[in-house]
Amino acid sequence: MERASSPVTAPPQETILQPQAGALEAVEDILYGSFAGVVGKYIEYPFDTVKVRLQSQPHKLPLRYTGPVDCFRQSIKADGFLGLYRGITAPLVGAAMENSSLFFFERLGRDLVYASGYVSKEKPLSLPALWFTGAFAGAFTSLVLTPVELVKCKIQVPATLEGKAPPPLRPIPVIRDIYRHHGLRGFFHGGLGTLIREAGGGAAWFGTKATISKMFYQRNARFASTSEEKELILSKPLPLWQQAFAGACAGMSYNFLFFPADTIKSRMQTAPIGQSVQSQSFLSEGLSLWKQHGIRGMYRGCGITVMRSAPSSAFIFMVFDGLKTYLPLR
């Protein structure tokens, strides 16, 4: 886009926002990011359920699922297709919070880069700077996302201590049980895995989108016959298929590069409520998984995750960028 709020599309010039305009842009980031996140979550959630179930299989027992297709088959047979949407309420809230936070903190990161004085406000940020602002956004978003993902994982993969009834498969009872057994600190169990995934993934998500979008702009501009036509191409949004391709690549890179951190995080967050988690650190869980299954265990469920992230991420960016362009609040 031609707006300062959208670093993921064009090479257009950044604009200096007045306080009121900056506040409205923050509202846009939160509102439109939330809506885009909800759309993306409905697309990807059945695949996410399968991914978490594959990741959380006990490493000391025989595997329950032979792969994604088998997990789909067993899950649908046991609970029907709607069973794959079990616990979607918390993830919908989480998706809205995650995406609004990512877009909001990414813009804040760009403001901080400009405030540092190393880059003129009249110039667009370089690609390395946009990779950095993506990491900045992901790091702060992980603080918001860890409790939401903890509740989501507990619902998707019910686990119980021996002799106890399964936990309720609704967000509020699960939240209540986590607090009763582990206190406020318990909601941040697995936080290091979320931080690594979101900081690295945020850099890959925004950075890949910006990199591929820039390549498309350069490619499109080469076909311009006049300087006026070239300027028009660079000032307009990319064609939808190019936006979708760049967004899909961003989603796939986000999920593939830091998938092991997500696997370890999911295993930690699917432990039975009430079980002591004092000894279940990110490092110990990772070493245990590595000894049992090696690199394959770290990437269990990765294929289906990368596959579902392509359409989901494409829609998120297209919806967010479209709303920012055609329904601006400023």
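**Exercise 1. Leu-31 and Val-39 on helix α1**

Is Leu-31 buried, partly exposed or exposed, and what is its relative accessible area? Work this out on the predicted model, and then treat Val-39 in the same manner.

*Solution.* Begin by placing the residue: Leu-31 belongs to helix α1. The relative accessible area of Leu-31 is 47%, and since buried requires a value under 20% and exposed a value over 50%, Leu-31 is classed as partly exposed. Next, look across to a residue that is distant in sequence: Phe-104 is 73 residues away from Leu-31 along the chain, while 9.9 Å separates the two C-alpha atoms.

Turning to Val-39, one finds this residue in helix α1 as well, and its relative accessibility of 24% makes it partly exposed. Its counterpart for the distance is Ala-96, which stands 57 residues from Val-39 along the chain, with a C-alpha separation of 9.2 Å.

**Exercise 2. The overall make-up of the chain**

Determine how many helices and strands the chain has, and state what percentage of its residues count as buried.

*Solution.* Counting the secondary structure elements gives eleven helices and zero strands, so that the pattern read along the sequence is α-α-α-α-α-α-α-α-α-α-α. For the second part, the chain has 330 residues, of which 53% count as buried.

**Exercise 3. The largest nonpolar core**

Identify the residues of the largest nonpolar core that touch the most other members, list the helices that each supply at least two of its residues, and explain where this core lies with respect to the two domains.

*Solution.* The first step is the membership: the largest nonpolar core holds 15 residues, and those touching the most other members are Phe-103, Trp-205 and Phe-206. The second step is to trace the core back to the helices, where at least two residues each are supplied by α1 (19-55), α3 (89-115), α6 (191-222), α8 (240-257) and α11 (302-326). Of these contributions, the largest share is that of α11, with five residues.

The third step concerns the domains. Because residues of this core are given both by domain 1 (30-86 + 300-329) and by domain 2 (89-160 + 167-287), the core lies between the two. A further core, separate from this one, has eight residues, among them Ala-90, Val-151, Val-174 and Ile-178.

**Exercise 4. Two helix pairs**

For the pair α8 and α11, and then for the pair α3 and α4, give the crossing angle and classify the orientation.

*Solution.* Take α8 and α11 to begin with: their axes come within 7 Å and cross at roughly 135 degrees. Because this angle is neither over 145, as roughly antiparallel would require, nor within 65 to 115, as roughly perpendicular would require, nor under 35, α8 and α11 are oblique to each other. As for handedness, α8 passes α11 in a right-handed crossing.

For the other pair, the axes of α3 and α4 (residues 127-156) come within 7 Å and cross at roughly 155 degrees. Here the angle makes α3 roughly antiparallel to α4, and the crossing of these helices is right-handed.

**Exercise 5. Buried residues of α3 and α4**

Classify Glu-106, Lys-152 and Gly-134 by accessibility, and find which side chains form polar contacts with those of Glu-106 and Lys-152.

*Solution.* Glu-106 is situated in helix α3, and with a relative accessible area of 1% it is buried. Following its side chain leads to that of Thr-133, with which it makes a polar contact of 2.7 Å.

Lys-152 is part of helix α4, and its relative accessibility of 5% places it among buried residues, because the cut-off for that class is under 20%. The side chain of Lys-152 is in polar contact with the side chain of Asp-48, at 2.9 Å.

Gly-134 is likewise found in helix α4, and at 0% relative accessibility it counts as buried. To finish, compare sequence with space for this residue: Leu-102 is 32 residues from Gly-134 in sequence, and their C-alpha atoms are 7.8 Å apart.

How values were computed
Residues numbered from 1 in each chain as written. Predicted model: local features only at pLDDT ≥ 70, side-chain atom pairs only at ≥ 80, totals over all residues. Heavy atoms only, no water. Core = buried A, V, L, I, M, F, W, Y, C linked by side-chain atoms within 4.5 Å. Buried < 20%, exposed > 50% of the residue type's maximum accessible area, 1.4 Å probe, protein only. Helix = DSSP H or I, 4+ residues; strand = E, 2+ residues; numbered from the N terminus. Domains from an automatic or database assignment. Polar contact = N/O pair within 3.5 Å; in protein donor to acceptor, adjacent residues only side chain to side chain. Axes fitted to C-alpha atoms, helices over the stretch in contact; angles between N-to-C directions. Left-handed = near helix turned anticlockwise from the far one by under 90°.
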